[in-house]
Amino acid sequence: MNSRQPIPVVVLTGFLGSGKTTVLNHLLANRGGTRIGVVVNDFGSIEIDAMSVAGQVGDSMVSLGGGCLCCAVDGSELDAYLEKLAAPVHRIDVIVIEASGLAEPQEMVKMLMANENPAIRYGGMVQVVDAAEFDATRAGHPEADRHLAVADLVVLNKTDRVDAAERARIEGVLGTLCGPGIPVVGADHGRIDPELLFDRRPWTETRGQLSFEDLLAEAAHQADEAADAGRDHGHDHSHDHERCGHLHAAYESVEFVSEQALHPRRFLDFLDRRPAGLYRIKGFVRFGVPGHEERYEVHAVGRFLRFAPGPWGRGEARLTQLVLIGSGTDGPALLRELEACREPAPRQVPPESMWGVLRYVDRPADTPDTPDAPATPAED
């Protein structure tokens with residue numbers, strides 16, 4: 001039996017020309033040692049020469065050339081591809097689906113939520129928006145507003161093609177079209193930090209046969225050298241780091257560790273109040289409530305939230321360990337709020353306090369069927 005955690009499946013959507021493929025290529029080129037499985041519609045637009053050399057296409061990429069993913073009959077075609085990518089032999093860490101520009105995001109979410117393969121789990125939906133063509137896209141595709149309403153994270157791409165006032169106007173409109181608190185991440189040329197969507201494993205150089213990671217690392221190194229050669233001595237290097245894909249300076253990271261358990265209701269209240277600039281939360285939570293002493297992995301992308309219970313490792317310290325990644329957030333304030341979630345006597349907390357958490361577990365077992373604890377996660 002495979003003891004690995006389920007592989008998250010992140011959906012990348014957006015209308016034609018918004019920059020989905022550019023975002024995907026950027027994620028692939030800056031993934032470190034993370035193995036990304038990719039499902040795409042518009043296969044020809046992906047830069048796959050390096051993949052072909054490395055022999056990766058057959059193992060880690062599949063193509064749906066016959067139409068939108070949401071049009072696959074009963075979802076069985078997509079399910080088969082996901083099953084292939086999730087096979088342990090491929091050692092895939094995350095799967096990214098680049099949807100056709102005409103796909104219906106809500107239907108895709110339903111398909112993934114209905115997938116019964118225990119090796120995968122839905123990991124959130126990212127909507128790419130073209131800042132330069134924002135008004136024209138809405139005029140030509142009225143359904144764009146509906147698509148934004150179901151996104152968990154919005155990437156406002158091509159911000160280099162609009163001035164500050166226009167960008168602020170677009171962000172204001174997006175605030176009315178997206179769900180409450182949905183974060184909007186600005187980007188040019190599709191450059192966002194991959195850590196906003198998935199964990200990056202450290203890249204390690206291999207020996208012998210040239211691997212995909214080697215090719216990408218060599219290309220990135222050459223790009224950095226070329227960029228360095230073209231810079232003036234008095235130039236501001238912070239912007240160069242962003243253009244070369246090193247986006248760590250654009251985001252703040254806050255870490256929280258607690259030996260005490262967290263109260264489930266207070267922690268959920270914190271998650272409900274999280275600011276729009278808090279793009280991602282990852283880590284493990286200890287609740288310690290009777291009947292729920294296991295470790296709960298938490299994964300949040302934008303407003304998307306899932307918990308995955310699992311056993312503590314042998315000899316593993318039973319701690320809550322969280323990493324919060326965002327931009328423009330108040331780190332000390334976030335830590336104070338998390339400190340207020342501590343619970344010194346978790347064994348005295350009633351088990352029904354966990355119902356809110358169980359709403360966000362993909363397949364909760366023996367969950368009471370009550371309005372506060374539905375048997376299946378909400379799909380809104």
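**View 1. F270 and F267, a ring pair in helix α11.** At 2% relative accessibility, F270 counts as buried (under 20% relative accessible area; over 50% is exposed and in between is partly exposed, with a 1.4 Å probe and protein chains only). F267 is buried too, at 0%. This is a predicted model, where local features need pLDDT of at least 70 and side-chain atom pairs count only at pLDDT 80 or more, while totals for chains, interfaces and linings use all residues. Residues are numbered from 1 along each chain as its sequence is written, and side-chain values use heavy atoms, with hydrogens and water left out. Both residues sit in helix α11, three residues apart, or about one turn of the helix. (Helices are DSSP runs of H or I with at least four residues, strands are runs of E with at least two, and both are numbered from the N terminus.) An α-helix has 3.6 residues a turn, so residues three or four places apart point the same way.

**View 2. The aromatic cluster around F267 and F270.** The structure holds six aromatic pairs (rings of Phe, Tyr and Trp, the last by its six-membered ring, with centres within 6.5 Å; planes under 30 degrees apart are stacked, over 60 edge-to-face, and the rest tilted). The ring centres of F267 and F270 are 6.2 Å apart and the planes meet at 20°, so this pair is stacked. Together with F287, Y296 and F307, these two make up one aromatic cluster.

**View 3. The buried side of α11.** Which residues of α11 are buried? They are P264, F267, L268, F270 and L271. These residues cover an arc of only 155° around the axis (taken from the directions from the helix axis to the C-beta atoms), so they are on the same side of α11. They pack against β9 (261–262), β10, β12, β13, α12 and α13.

**View 4. The largest nonpolar core.** Here we look at 27 residues (buried Ala, Val, Leu, Ile, Met, Phe, Trp, Tyr and Cys joined through side-chain atoms within 4.5 Å). F267, F287, F307 and L324 have the most contacts inside this core. Elements giving two or more residues include β8 (252–258), β10 (278–286), β12 (304–310) and α12 (331–339). The largest share, four residues, comes from α11. L324 touches, among others beyond four places in sequence, V254, F270, I281 and L338 (contact means heavy atoms within 4.5 Å).

**View 5. A charge over a ring.** The charged end of R295 sits over the ring of F284, 3.9 Å from its centre (the rule asks for NZ of Lys or CZ of Arg within 6 Å of the ring centre and within 35 degrees of the ring normal).

**View 6. Two loop residues with positive phi, R91 and K158.** R91 has a phi near 55° and lies in the loop between α4 (76–85) and β4 (94–98). K158, with a phi of about 60°, is in the loop between β6 (153–157) and α8 (164–177). Are these two buried or exposed? R91 is exposed, at 52%, whereas K158 is buried, at 19%.

**View 7. Where confidence drops.** The chain has a mean pLDDT (the predictor's confidence in each residue, from 0 to 100) of 77. Confidence is lowest in helix α2 (residues 49–54), at a mean of 35, and highest in β9, at 97. Over residues 43–58 the pLDDT is below 50, and over residues 205–217 it stays under 50.
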